[in-house]
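Me: Please pick one part of this structure and take me through it slowly. I'd like to see how it fits with whatever surrounds it.

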Amino acid sequence: MAQESQGNSCITCHSDMWEEMKGSIHSQNGITCNKCHGGDPTQADMDRAKAPETGYRGIPDKKDIPLICGECHADVEVMNFYGIRTDQLARYKTSVHGKKLLLEGDNRVAACSDCHGYHDVLPVSDPGSPVYPSNLPKTCNQCHGNAKLMGSYGLPSDIYETYRNSVHGKALFEKKDISVAQCASCHGGHGAVPPGVKDVGATCGKCHLNEKKYFLESVHAPLTEKGNFHECISCHGNHGVQHPTPDLYQTACGTCHDPQSPEAQQGQELARMIRGAQQSLAGAQALVKQASVEGIFVEQEEASLDEAKTKSIEMGPAQHTLSLSKIADLHDKIVATVGEVEAKILEKRENLRWRKVSLIFVWIFVLGMVVALRAKYKQLNADRKDYE
């Protein structure tokens, strides 16, 4: 279908654009020039091809682009067979971009073609598409990295670099994990808006379900409902989220609480228990690994440490309750398991040492028997020769 140019008079003059369009998802489904630009491509005469009655509109005004795309993409009957959502136009109208463009006439904001391309539109699932998850941050950065443009809206222009160095950005760009959060995951795609104070938890909670659940048990949850606490971003930040460690309590708590306050001290106690459990578990894992190298059977101990590791992982989301008792319970179980494992390994090492010592005596006995038998053999030979 994409190669069928016969009967399309548009390409007589616009062959370069046809080359771009041949590989697009539109041309592959029989959608060509006149669907967006109007006109009658079956007419060889230019004046007839662009006559008023053909609906020719040439290069559309930017504020018309969402409406033109919506002629198909908002039509349920048209899009039904492709399994594509038909609410993109409705969502776009609710977005910051849509309101600026359609209501205020600000054509500097993004419309469909700024993100998806013009003639060479590819499916979202195509790694070459500018809106493929790993490409989307760079696409958004075309505008949001423009200091002059963003300055006119009072917005920062360094978000891409900040995101690229975040735990999400590293997972996306370095580990190629396209399931990780990127721009549209948090802000939305067609309905792009910055999440408000009360929306942050719901936004992060789409991926971090357990953290969200436990946070609702914390003393900070009521403050969020009142709009006095930004839930996740108050401690983790937004675009520059880093992998959290117990050290975060030192900086995050101090943002709102005096370092000597009971709240800050509680945070430090939580950090101490989490760090202690992690260190104890890491030490036991190293001990078991070394014991395995030494030839000790450690299957039982490895199973016990797997259970302790599960509890350590549970500490991550559970700490969002800020409950000392909950974290202390997990901490104590981990430390107890680690203690049992270490005791068993030391016992097995001691048993192995005694087996090795016993083996020495066995070899000494065997060697003695060999010497005695050899001496006896010589004696018997000597006696036989004397007899002969």
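Reply: Let's start with some vocabulary: an angle under 35 degrees counts as roughly parallel, over 145 as roughly antiparallel, 65 to 115 as roughly perpendicular, and the rest as oblique. This is a predicted model, where local features need pLDDT of at least 70 and side-chain atom pairs count only at pLDDT 80 or more, while totals for chains, interfaces and linings use all residues. Residues are numbered from 1 along each chain as its sequence is written, and side-chain values use heavy atoms, leaving out hydrogens and water.

Our part is helix H20, residues 262-293 (helices are DSSP runs of H or I, at least four residues, numbered from the N terminus). Take its length to begin with. H20 has 32 residues, so at 1.5 Å a residue it should span 46 Å, and that agrees with the 47 Å between its end C-alpha atoms (the rule is 1.5 Å times one less than the number of residues). Just after H20 comes glycine 295, with a positive phi of about 95°.

Now for the neighbours. H19 packs against H20 at an angle of about 165°, with the two axes 9 Å apart (axes are lines fitted to C-alpha atoms over the stretch in contact, and angles run from 0 to 180 degrees between N-to-C directions). H19 and H20 are therefore roughly antiparallel. On the H19 side, Tyr249, Gln250 and Cys253 make the contact, meeting Ala264, Gly267, Gln268, Leu270, Ala271 and Ile274 of H20 (contact means heavy atoms within 4.5 Å).

With H21 the angle is about 160° and the axes are 10 Å apart, so H20 and H21 are roughly antiparallel too. Here H20 brings residues including Met273, Ile274, Ala277, Leu281 and Val288, and H21 answers with Leu305, Ala308 and Met315, among others. Did you spot Ile274? It sits in the contact with H19 and in the one with H21.

H20 also feeds the largest nonpolar core (buried Ala, Val, Leu, Ile, Met, Phe, Trp, Tyr and Cys joined through side-chain atoms within 4.5 Å; buried means under 20% relative accessible area with a 1.4 Å probe, protein chains only). Of its 27 residues, Met315, Ile327 and Ile345 touch the most other members. H19, H20, H21 and H22 (324-387) each supply at least two, but the largest share, ten residues, comes from H20. Follow isoleucine 327 and you get back to our helix: among the residues it touches are Leu270, Met273 and Ile274, along with Met315 and Ala318.

Definitions and conventions. Buried means under 20% relative accessible area, exposed over 50%, partly exposed in between (1.4 Å probe, protein chains only). Lists of a residue's contacts leave out its neighbours within four places in sequence.
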